[in-house]
Amino acid sequence: MKKEHILTGACIALCLLSAGLGVSYYHSNKQRAGLQTTVDKLTEEQKKSEVMKRISQQMEDIAYEQKNISDIERDKAILMSEEAQKQRLEAEHQTDVANDMRQHAEAERSKALSAEAAANKSAGMAEQQRQNAEQQRQIAEKSKRMTDTLSHVALARSLGSLSSMRYAAGDKEVASLLAYGSWYFSDRYGGDAFYPAIFSALSLSSGNKTEWDFNRGGITSVLPYKNGYITVSNYGEIMQWKQNGSTMTHQLLYHDKRYDFRDAHLDGDILYALSRNGSLVRVDLKNPQHSYASDFAKGNYNQIYLNGKEIVTYEGSTFHILRKSDLTQNRVVKAPETIVYMSQYKGKLTFFTNAGKVYFLEGNDKIKHELSMGVKDITSFTATADGKHLAFGTKSGMVYVMDYPKMKNIRKLRGHRSSVSQVQFVRGYLITASYDKTLKLWDLNADKLEPITLNTFGSWVRCFCARGDNYVWTGDASGTLTRLNISPESMAATIQKRLKRDLTQQEWNYYVGKDIPTVSFKNAKKK
């Protein structure tokens, strides 16, 4: 057992030894391989080191080369910097020079501005002095013109008065010369040719009035018709007047002394005439023999109004509405108070009452209260074409003018002494007729409202007609038809045509004055 144990042990020892040797060999080989690997790595590292050394050498050479280039560039930059510094210094120098020049120029400009301001101040003072002198000259000239105007206007009025005196003395030649001179100076120096002294002189010397006395009764209506007029009288007369140049012919179209005609109106060629006793006559002016009369109602009538197919008249406080077709009464309409006058305003029938009120009689017989005048005795009424201005005549002779519908600028015109029979706006003036036998003209734009008496008649002035030309046609209670030229310019032209000579130098010095240059009135031109 022991040998087996020993052998076993020896075998185990041998095995262990072999294993140890094997392990040792293995480790030896492994170490040798590791050494070889290390040697290889070292060899490789050495090779790399050589390469890196050569690369480093090359990089160093490149670096030295770059340094040389950089040094060259730095030297160039230094040179450029030095050049730039020189240029900057030069620019600063130029700037300093420019600043000096600018300051010098500014100083010179300031001096120039000061000199200019001084010159302007002197010029301004001179201009102000010139303007002051011009203003003083204008004031002086205006004062002279005003003085000349006033003196010449005064001269015109003086010549007018002298003309009327010479006319009354029978020296009509000198009167005509002075009348034209009166108008001449008034016209050229802005005077009012309607001033009584001037207008009267022109009226006398021009013979502005023409009369025709063919009516047996007093004329109550003068109506324009074609190239002439129709007159109606209170003796039942209807007469036609035709104007042929400077001549006037007349024809009696209708006559019936039973009728006391108080009012008449034209509807084309048909004339409607109202008799005071309540009769109405219709006359065809083309065929006067075809006349027709109707007694529609007894009473006391003074006015008619044509309203379409109807005719309106009144008595007391009652309107009578008649048919045009047969002149018979259609109906009656009651007014609030007694009617004192009837007219029309903008196509509406307008009536006035004894209570001082104004009404409209509208369609369907409706009565509308328009305003309260407070004047109870209105006898006549008129309005401008645009309806903005109204005029009322009264029984007392007072005339009222107002703006409408604003009811402003109400004025009282005192000039007539009896009932005002008619008022009418003509060419911007107001003409009024009255039973005080006068026809007057009012300049409503004048500062002082004083009338011009266009003519004084021998009897009551009941009516007149003015077409807007130079003439006014009047009818009076004596039956006389009168034509008045109311245009100062037209009358002056008539006088000038008749002048046979001029004023002698002696007459001029006596009537006009030595200081006023001589004017030939006979050859004077229109302004």
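Here's a short back-and-forth about how this predicted model is put together.

Me: How many helices and strands does the protein have?
Reply: Let's start with the overall make-up of this predicted model. Strands and helices are both there, and the count comes to five helices and 28 strands.

Me: What share of the protein's residues count as buried?
Reply: Buried here means under 20% relative accessible area. Taking the 527 residues of the protein against that cut-off, the share that counts as buried is 38%.

Me: Which helix gives the most to the largest nonpolar core?
Reply: That core has 42 residues, and Y180, F185, I431, L439, V512 and F521 touch the most other members. As a rule, nonpolar side chains in soluble globular proteins tend to be buried together. The top contributor to this core, with eight residues, is helix α2 (residues 172-188).

Me: What does Y180 touch, not counting residues up to four places away in sequence?
Reply: Y180 is one of the core members that touch the most others. Touching means heavy atoms within 4.5 Å. With those sequence neighbors left out, the list for Y180 is A492, I495, Q496, F521 and A524.

Me: Which residues are buried in helix α4?
Reply: This helix covers residues 488-498, and A492, I495 and Q496, which Y180 touches, are among its buried residues. The full buried set in α4 is P488, S490, M491, A492, I495 and Q496.

Me: What covers the buried residues of α4?
Reply: Those buried residues include M491 and A492. The cover includes a strand, β28 (481-485), along with two helices, α3 (196-206) and α2.

Note on methods:
Residues are numbered from 1 along each chain as its sequence is written. This is a predicted model: local features need pLDDT of at least 70, side-chain atom pairs count only at pLDDT 80 or more; totals for chains, interfaces and linings use all residues. Side-chain values use heavy atoms; hydrogens and water are left out. Helices (H or I, at least four residues) and strands (E, at least two) are DSSP runs, numbered from the N terminus. Buried means under 20% relative accessible area, exposed over 50%, partly exposed in between (1.4 Å probe, protein chains only). A nonpolar core is a set of buried Ala, Val, Leu, Ile, Met, Phe, Trp, Tyr and Cys residues joined through side-chain atoms within 4.5 Å.
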